[in-house]
Amino acid sequence: MPRRNILLPTVCIVLLIAAWSFRAPPSSIDRWLDTSAIRGTASSSSPPGAATKPHNDVDLSAPDAPFVGWPLQRVCDEATWVPGLVYICDNNSGGVGNIRNYIHTCIRYGLEAGATGLVVPKIRKRNETDLADLFTEYLPFDYMFDEKHFKDAFTTSCPQITLYNDVEDIPGVGSKPNIEHINPKKFGDRDGCDWRDQNRHTDQFGDRFRAWLNDPKNGQSPPSEDHPRLIRFDWGVLWDWLIYRDGPEFANTFGGILKFNDKVLRLGNTALKRMRAFAQTNGVTDGRFLGVHLRTESDALGFWPTYNTQSEAYLKQATRRGFEVAYIATGDPLQAANFAGAAIEMAQMRVTSKTELLDDQDLDELEELSWDQQGLVDFIVLLGCDFFVGAMPSSFSVYMAMKRHLRTGGIYTRPYKVGTDGDGLSYLVGNYEKYWEGWLYMWEGMWP
């Protein structure tokens, strides 16, 4: 065919293809490769739907932040519920970092198991005269936390679960409740795992646990509303759940089910306000201050950073960042005085504490609190500091750094970069060379 006879049809075909490409939506593979479809726009760093997700502008690092419940609701909507299965999450001990994470870990397993009942956790009190003795009497939930806030979180976001104040309130338990003790790691093959390793089988835990629950070989009947089964974890189930397996939305909000009680919040906020005023009185016009967690009390373990290691690192950070005043949190008054003296001499920095900032009725109320409750007041002040220094592997310090880290991305905050200079908000001195011996696994198993 002559060239002039094919030119016109060829031009027409090209024009039709061009017109169709402008009108037709991109193919699935094009959308998959298009980063603007993933991020919303090419210039946006927000995850998909960030602008439409509720409460994405909430400061999750605040101690009194409202609970963002839609990630919990999503987990509950996906759960396989078991009528008559009740979890009891009270086998906890230690300071606030340990206690709250035990409660969170136990409840998260309960959600995966399909527990339709949960006993409001009680809290094991520490011996006031022997800090290493973690196992004294049980105290009510509001010893540390806001019970109404906790109940409202589940009533609103996970109504499939019934909350009971006590074991005796569970229908059908009888006068002598039978509470079964389990270790969740046993519901998975752990060949070759270090005994401290997190649970690598959480995706399968629900199915395996329910199979065990319904297996007549275990000598128990399957649970029902008339014949409930009560589950309590062995002591020490703390860092088992790899929190980011649930996605950042859940990992960064689930901690919000536990909020400090009103008295602790009021005393902490009062101390924080007075700390700002203290800084201004000492010539810091913007109230800027360094927050210090000095972990040298009698129950500190031998491989933790010593006083000399902590103080040297803290004062180095203070000098580097130009701090003139600091707030110190510690249960060791002797070393607190030593640090205050060294701070004046080496960094020209004034140091104060909650007992010096509070007075009159506030101080009386503070002194009525237990050692661990007073630590909650410290926690609130340190959350509000301009830079935090603490000790690795103190769970208090790790919790603090992770909670403050939520300022970097809100609901979509990415994991803290452990063993580095961090996020510019906190620094923890310690040994980051060995994962297990240095307890670095805490960072992967603690809900902020």
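Is Phe379 to be counted as buried or exposed, and at what relative accessibility? In this predicted model, Phe379 has a relative accessibility of 1%, and because the cut-off for burial is under 20%, Phe379 counts as buried.

The aromatic side chains were examined next. A pair of aromatic rings is described by the distance of the centres and the angle of the planes. In total, the structure contains 26 aromatic pairs. One of them joins Tyr87 and Phe209 in an edge-to-face arrangement, with 6.1 Å from centre to centre and 65° between the planes. This pair connects distant parts of the chain, since Tyr87 belongs to strand S1 (residues 82–88) and Phe209 to helix H7 (residues 202–213), with the two positions 122 residues apart in the numbering. Both Tyr87 and Phe209 are buried.

A stacked pair is formed by Phe379 and Tyr399, for which the centres are 4.5 Å apart and the planes enclose 25°. Phe379 is located in helix H14 (residues 371–383) and Tyr399 in helix H15 (residues 395–405), so this contact ties together parts that are 20 residues apart in sequence. Tyr399, like Phe379, is buried; the relative accessible area of Tyr399 is 3%.

Ring pairs also link residues into a cluster, which comprises Tyr87, Tyr109, Phe187, Phe205, Phe209, Trp212, Phe233 and Trp241. Tyr87 and Phe209, the edge-to-face partners, are thus among the cluster members.

Charged side chains were found over aromatic faces as well. Arg229 lies over the face of Trp212, 5.6 Å from the ring centre, and Trp212 is itself part of the cluster. Arg288 is placed over the face of Phe323, at 3.9 Å from the ring centre.

How values were computed. Residues numbered from 1 in each chain as written. Predicted model: local features only at pLDDT ≥ 70, side-chain atom pairs only at ≥ 80, totals over all residues. Heavy atoms only, no water. Phe/Tyr/Trp six-rings, centres within 6.5 Å; stacked < 30°, edge-to-face > 60°. Helix = DSSP H or I, 4+ residues; strand = E, 2+ residues; numbered from the N terminus. Buried < 20%, exposed > 50% of the residue type's maximum accessible area, 1.4 Å probe, protein only. Lys NZ or Arg CZ within 6 Å of the ring centre and 35° of its normal.
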